[in-house]
Amino acid sequence: MMFNLMRMDFKRLLRQKSLYIILGITAAVVVLAMVTVVIIVNPEFRLQAQEAGMEILESDKAAINWMQSNDITFFMENMVRGSGFVTVICLISAIFIYGDFKRGYIKNILSVHGSRTHYIFSKIIVMAAVTAVTAAVIFLMIKAGIRAGNLEIPTADLKSYVCTMTALLAAGAAWAAQMIFIYVLTRSEGAAIAGAIIFPTGLPVTLLQSILSTIKMNSTFLNYTLFGITNKITDASGNFSIGVYIQCIAVPLAWLAFYAGLSILVLKKKDI
(Lines give C-alpha, C1' and ligand atoms only; values in the text may rest on other atoms or scores of the structure.)
Protein backbone atom coordinates (compact mmCIF):
# COMPACT_ATOMS: atom_id res chain seq x y z
CA MET A 1 0.00 0.00 0.00
CA MET A 2 2.73 2.45 0.96
CA PHE A 3 4.67 1.54 -2.18
CA ASN A 4 1.67 2.59 -4.29
CA LEU A 5 1.50 5.90 -2.42
CA MET A 6 5.20 6.53 -3.03
CA ARG A 7 4.84 5.68 -6.72
CA MET A 8 1.96 8.18 -7.07
CA ASP A 9 3.90 10.80 -5.14
CA PHE A 10 6.94 10.42 -7.38
CA LYS A 11 4.77 10.75 -10.49
CA ARG A 12 3.02 13.89 -9.21
CA LEU A 13 6.27 15.47 -8.08
CA LEU A 14 7.95 14.89 -11.44
CA ARG A 15 5.04 16.65 -13.17
CA GLN A 16 5.44 19.83 -11.13
CA LYS A 17 7.11 22.70 -12.99
CA SER A 18 8.14 24.30 -9.70
CA LEU A 19 10.48 21.37 -9.03
CA TYR A 20 12.47 22.02 -12.20
CA ILE A 21 12.48 25.78 -11.69
CA ILE A 22 13.90 25.46 -8.16
CA LEU A 23 16.46 22.84 -9.18
CA GLY A 24 17.41 24.87 -12.26
CA ILE A 25 18.14 27.93 -10.14
CA THR A 26 20.14 25.75 -7.75
CA ALA A 27 22.20 24.34 -10.64
CA ALA A 28 22.87 27.86 -11.97
CA VAL A 29 24.14 28.99 -8.55
CA VAL A 30 26.46 25.95 -8.32
CA VAL A 31 27.82 26.62 -11.82
CA LEU A 32 28.47 30.28 -10.97
CA ALA A 33 30.19 29.31 -7.73
CA MET A 34 32.41 26.74 -9.46
CA VAL A 35 33.36 29.19 -12.21
CA THR A 36 34.44 31.62 -9.48
CA VAL A 37 36.45 28.90 -7.71
CA VAL A 38 38.17 27.86 -10.96
CA ILE A 39 39.11 31.46 -11.79
CA ILE A 40 40.57 32.00 -8.32
CA VAL A 41 42.32 28.65 -7.77
CA ASN A 42 43.64 27.83 -11.26
CA PRO A 43 46.94 29.79 -11.68
CA GLU A 44 46.41 30.39 -15.41
CA PHE A 45 42.88 31.74 -15.05
CA ARG A 46 43.89 33.71 -11.94
CA LEU A 47 46.68 35.43 -13.88
CA GLN A 48 44.26 36.32 -16.68
CA ALA A 49 41.82 37.71 -14.12
CA GLN A 50 44.58 39.81 -12.54
CA GLU A 51 45.63 41.16 -15.94
CA ALA A 52 41.98 42.10 -16.50
CA GLY A 53 42.05 44.16 -13.29
CA MET A 54 41.07 41.67 -10.60
CA GLU A 55 42.94 42.24 -7.34
CA ILE A 56 44.20 39.23 -5.36
CA LEU A 57 44.94 40.06 -1.72
CA GLU A 58 47.21 38.14 0.67
CA SER A 59 44.12 36.86 2.46
CA ASP A 60 42.86 35.56 -0.90
CA LYS A 61 46.12 33.68 -1.44
CA ALA A 62 45.78 32.08 2.00
CA ALA A 63 42.23 31.04 1.11
CA ILE A 64 43.46 29.54 -2.17
CA ASN A 65 46.07 27.44 -0.35
CA TRP A 66 43.42 26.36 2.15
CA MET A 67 41.04 25.25 -0.61
CA GLN A 68 43.79 23.28 -2.35
CA SER A 69 44.64 21.47 0.90
CA ASN A 70 41.07 20.12 1.29
CA ASP A 71 39.43 17.29 -0.59
CA ILE A 72 36.30 17.36 -2.74
CA THR A 73 33.91 16.84 0.21
CA PHE A 74 35.04 20.27 1.49
CA PHE A 75 33.67 21.86 -1.69
CA MET A 76 30.50 19.79 -1.45
CA GLU A 77 29.81 20.87 2.11
CA ASN A 78 30.58 24.51 1.35
CA MET A 79 28.12 24.45 -1.54
CA VAL A 80 25.38 23.38 0.87
CA ARG A 81 26.62 25.55 3.76
CA GLY A 82 24.16 28.13 5.02
CA SER A 83 20.50 28.04 4.15
CA GLY A 84 20.58 27.60 0.36
CA PHE A 85 20.51 23.81 0.04
CA VAL A 86 18.08 23.37 2.94
CA THR A 87 15.80 26.11 1.58
CA VAL A 88 15.61 24.25 -1.75
CA ILE A 89 14.48 21.04 0.02
CA CYS A 90 12.04 22.94 2.23
CA LEU A 91 10.46 24.85 -0.68
CA ILE A 92 9.99 21.70 -2.74
CA SER A 93 8.45 19.96 0.30
CA ALA A 94 6.07 22.84 1.04
CA ILE A 95 4.90 23.20 -2.56
CA PHE A 96 4.58 19.44 -2.96
CA ILE A 97 2.24 18.84 -0.02
CA TYR A 98 0.35 22.07 -0.73
CA GLY A 99 -0.60 20.61 -4.11
CA ASP A 100 -2.27 17.63 -2.43
CA PHE A 101 -4.59 19.85 -0.41
CA LYS A 102 -5.18 22.49 -3.07
CA ARG A 103 -6.20 20.01 -5.77
CA GLY A 104 -8.13 17.75 -3.40
CA TYR A 105 -5.79 14.80 -3.86
CA ILE A 106 -5.60 14.34 -0.10
CA LYS A 107 -9.27 13.30 0.15
CA ASN A 108 -8.94 10.76 -2.64
CA ILE A 109 -5.67 9.39 -1.28
CA LEU A 110 -6.94 8.90 2.27
CA SER A 111 -10.29 7.54 1.13
CA VAL A 112 -8.50 4.83 -0.85
CA HIS A 113 -5.46 4.14 1.31
CA GLY A 114 -6.75 5.34 4.66
CA SER A 115 -3.47 5.33 6.58
CA ARG A 116 -2.29 8.79 7.68
CA THR A 117 1.00 7.22 8.74
CA HIS A 118 1.65 5.82 5.26
CA TYR A 119 0.71 9.16 3.70
CA ILE A 120 3.16 11.17 5.83
CA PHE A 121 6.05 8.73 5.53
CA SER A 122 5.51 8.41 1.79
CA LYS A 123 6.00 12.17 1.51
CA ILE A 124 9.11 12.08 3.70
CA ILE A 125 10.67 9.20 1.75
CA VAL A 126 10.01 10.96 -1.56
CA MET A 127 11.62 14.14 -0.24
CA ALA A 128 14.55 12.11 1.08
CA ALA A 129 15.01 10.83 -2.47
CA VAL A 130 14.89 14.42 -3.77
CA THR A 131 17.53 15.37 -1.19
CA ALA A 132 19.77 12.49 -2.25
CA VAL A 133 19.44 13.26 -5.97
CA THR A 134 20.00 17.00 -5.44
CA ALA A 135 23.09 16.38 -3.30
CA ALA A 136 24.45 13.85 -5.80
CA VAL A 137 23.94 16.23 -8.76
CA ILE A 138 25.66 19.07 -6.88
CA PHE A 139 28.55 16.72 -6.11
CA LEU A 140 28.87 15.64 -9.75
CA MET A 141 28.77 19.28 -10.90
CA ILE A 142 31.55 20.13 -8.45
CA LYS A 143 33.62 17.16 -9.63
CA ALA A 144 33.07 18.20 -13.26
CA GLY A 145 34.06 21.79 -12.42
CA ILE A 146 37.25 20.64 -10.69
CA ARG A 147 38.19 18.46 -13.66
CA ALA A 148 37.30 21.11 -16.26
CA GLY A 149 39.28 23.73 -14.36
CA ASN A 150 42.33 21.45 -13.92
CA LEU A 151 42.29 22.07 -10.18
CA GLU A 152 44.68 20.09 -8.02
CA ILE A 153 42.16 19.03 -5.40
CA PRO A 154 42.77 15.81 -3.42
CA THR A 155 40.25 13.01 -3.92
CA ALA A 156 38.30 12.10 -0.78
CA ASP A 157 38.19 8.54 0.50
CA LEU A 158 35.03 6.45 0.42
CA LYS A 159 34.35 7.06 4.12
CA SER A 160 34.19 10.84 3.59
CA TYR A 161 31.76 10.45 0.68
CA VAL A 162 29.48 8.07 2.54
CA CYS A 163 29.46 10.06 5.78
CA THR A 164 28.81 13.36 4.02
CA MET A 165 26.03 12.06 1.79
CA THR A 166 24.20 10.05 4.45
CA ALA A 167 24.35 12.91 6.96
CA LEU A 168 22.97 15.33 4.36
CA LEU A 169 20.27 12.80 3.48
CA ALA A 170 19.17 12.50 7.12
CA ALA A 171 19.15 16.28 7.57
CA GLY A 172 17.23 16.89 4.33
CA ALA A 173 14.55 14.34 5.25
CA ALA A 174 14.14 15.94 8.68
CA TRP A 175 13.77 19.43 7.20
CA ALA A 176 11.17 18.06 4.79
CA ALA A 177 9.26 16.51 7.72
CA GLN A 178 9.25 19.90 9.44
CA MET A 179 7.79 21.62 6.38
CA ILE A 180 5.15 18.91 5.99
CA PHE A 181 4.12 19.42 9.62
CA ILE A 182 3.88 23.20 9.21
CA TYR A 183 1.56 22.86 6.24
CA VAL A 184 -0.55 20.06 7.73
CA LEU A 185 -0.99 22.16 10.88
CA THR A 186 -1.71 25.54 9.28
CA ARG A 187 -3.14 24.50 5.88
CA SER A 188 -1.56 27.74 4.67
CA GLU A 189 0.72 27.97 1.63
CA GLY A 190 2.06 31.28 2.92
CA ALA A 191 2.98 29.82 6.31
CA ALA A 192 4.72 26.84 4.70
CA ILE A 193 6.73 28.98 2.26
CA ALA A 194 7.59 31.48 5.00
CA GLY A 195 8.79 28.58 7.15
CA ALA A 196 10.81 27.22 4.23
CA ILE A 197 12.61 30.56 3.98
CA ILE A 198 12.94 31.56 7.65
CA PHE A 199 13.73 28.31 9.50
CA PRO A 200 16.74 27.28 7.34
CA THR A 201 18.41 30.62 8.18
CA GLY A 202 18.42 29.60 11.83
CA LEU A 203 16.90 32.94 12.85
CA PRO A 204 14.43 31.54 15.43
CA VAL A 205 16.96 29.30 17.20
CA THR A 206 19.81 31.84 17.13
CA LEU A 207 17.51 34.49 18.61
CA LEU A 208 16.55 32.06 21.37
CA GLN A 209 20.20 31.22 21.91
CA SER A 210 21.04 34.94 22.25
CA ILE A 211 18.28 35.41 24.80
CA LEU A 212 19.45 32.42 26.85
CA SER A 213 23.07 33.62 26.68
CA THR A 214 22.01 37.08 27.88
CA ILE A 215 20.34 35.64 30.97
CA LYS A 216 23.33 33.32 31.45
CA MET A 217 21.47 30.08 30.75
CA ASN A 218 23.00 27.11 28.98
CA SER A 219 22.41 27.54 25.25
CA THR A 220 24.24 24.45 23.91
CA PHE A 221 20.83 23.22 22.72
CA LEU A 222 21.69 24.75 19.33
CA ASN A 223 23.75 21.65 18.54
CA TYR A 224 20.58 19.59 18.82
CA THR A 225 18.42 21.69 16.51
CA LEU A 226 18.07 21.01 12.79
CA PHE A 227 19.87 24.26 11.99
CA GLY A 228 22.73 23.51 14.38
CA ILE A 229 23.22 19.91 13.26
CA THR A 230 23.14 20.91 9.58
CA ASN A 231 25.94 23.38 10.26
CA LYS A 232 27.84 20.67 12.14
CA ILE A 233 27.63 18.44 9.07
CA THR A 234 29.09 21.14 6.83
CA ASP A 235 31.76 22.06 9.41
CA ALA A 236 33.01 18.46 9.46
CA SER A 237 34.40 18.78 5.89
CA GLY A 238 34.22 15.02 5.50
CA ASN A 239 36.30 14.35 8.63
CA PHE A 240 33.67 12.72 10.84
CA SER A 241 34.68 11.07 14.09
CA ILE A 242 32.41 8.20 15.12
CA GLY A 243 30.75 10.33 17.81
CA VAL A 244 30.14 13.30 15.51
CA TYR A 245 28.79 11.09 12.73
CA ILE A 246 26.37 9.33 15.07
CA GLN A 247 25.15 12.71 16.29
CA CYS A 248 24.77 14.01 12.72
CA ILE A 249 22.54 11.02 11.93
CA ALA A 250 20.68 10.60 15.23
CA VAL A 251 19.63 14.23 15.75
CA PRO A 252 17.97 14.65 12.30
CA LEU A 253 16.27 11.24 12.61
CA ALA A 254 14.92 12.21 16.04
CA TRP A 255 13.48 15.44 14.60
CA LEU A 256 12.11 13.51 11.63
CA ALA A 257 10.26 11.12 13.96
CA PHE A 258 9.01 14.06 16.06
CA TYR A 259 7.59 16.04 13.12
CA ALA A 260 6.22 12.93 11.41
CA GLY A 261 4.42 11.94 14.61
CA LEU A 262 2.93 15.41 15.02
CA SER A 263 1.82 15.47 11.37
CA ILE A 264 0.09 12.11 11.71
CA LEU A 265 -1.62 13.27 14.92
CA VAL A 266 -2.83 16.51 13.29
CA LEU A 267 -4.17 14.64 10.25
CA LYS A 268 -6.13 12.33 12.54
CA LYS A 269 -7.56 15.21 14.59
CA LYS A 270 -8.31 17.81 11.90
CA ASP A 271 -10.82 17.51 9.10
CA ILE A 272 -9.34 17.01 5.66
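**Helix packing and buried residues in the predicted model**

In this predicted model, helix α6 (residues 84–102) and helix α10 (residues 189–198) pack with their axes 8 Å apart, at an angle of about 165°. Because angles over 145 degrees count as roughly antiparallel, α6 is described as roughly antiparallel to α10. The crossing of α6 past α10 is right-handed. On the α6 side, the contact is made by Thr87, Cys90, Leu91, Ala94 and Tyr98, which meet Glu189, Ala192, Ile193 and Ala196 of α10. By type, the residues of this contact comprise seven nonpolar, one polar and one charged.

Between α9 (158–186) and α10 lies a loop that contains Arg187. Most residues other than glycine have a negative phi. Arg187, by contrast, has a positive phi, near 55°. With a relative accessible area of 23%, Arg187 is partly exposed, because this class covers values between 20% and 50%.

The interior of the model was examined next. The largest nonpolar core consists of 59 residues, and the most contacts inside this core are made by Ile92, Tyr119, Ile120 and Ile124. Helix α6 contributes the most to the core, supplying 12 residues. A second core, separate from the largest one, has 11 residues, among them Cys163, Leu168, Ile229 and Phe240. When residues up to four places away in sequence are not counted, Ile120 touches Ile180, Val184, Ala260, Ser263, Ile264 and Leu267.

Two residues of helix α8 (residues 116–148) illustrate how accessibility can vary along one helix; Thr117 is placed in this helix, as is Lys123. Thr117 has 30% relative accessibility and therefore counts as partly exposed. The relative accessibility of Lys123 is 1%, so this residue counts as buried, the limit for that class being under 20%. Apart from neighbours within four places in sequence, Lys123 is in contact with Asp9, Arg12, Phe96, Asp100 and Ile180. Ile180 is thus a contact of Lys123 and is also touched by Ile120.

Positions far along the chain also approach one another in space. Thr117 and Ser263 are 146 residues apart along the chain, and their C-alpha atoms are separated by 8.7 Å. Ser263 is also one of the residues touched by Ile120.

Notes. Residues are numbered from 1 along each chain as its sequence is written. This is a predicted model: local features need pLDDT of at least 70, side-chain atom pairs count only at pLDDT 80 or more; totals for chains, interfaces and linings use all residues. Side-chain values use heavy atoms; hydrogens and water are left out. Helices (H or I, at least four residues) and strands (E, at least two) are DSSP runs, numbered from the N terminus. Buried means under 20% relative accessible area, exposed over 50%, partly exposed in between (1.4 Å probe, protein chains only). A nonpolar core is a set of buried Ala, Val, Leu, Ile, Met, Phe, Trp, Tyr and Cys residues joined through side-chain atoms within 4.5 Å. Contact means heavy atoms within 4.5 Å. Axes are lines fitted to C-alpha atoms, for helices over the stretch in contact, and angles run from 0 to 180 degrees between N-to-C directions. Angles under 35 degrees count as roughly parallel, over 145 as roughly antiparallel, 65 to 115 as roughly perpendicular and the rest as oblique. A crossing is left-handed if the near helix is turned anticlockwise from the far one by less than a right angle, and right-handed if clockwise. Ala, Val, Leu, Ile, Met, Phe, Trp, Tyr, Cys and Pro count as nonpolar, Asp, Glu, Lys and Arg as charged, and the others, Gly among them, as polar.
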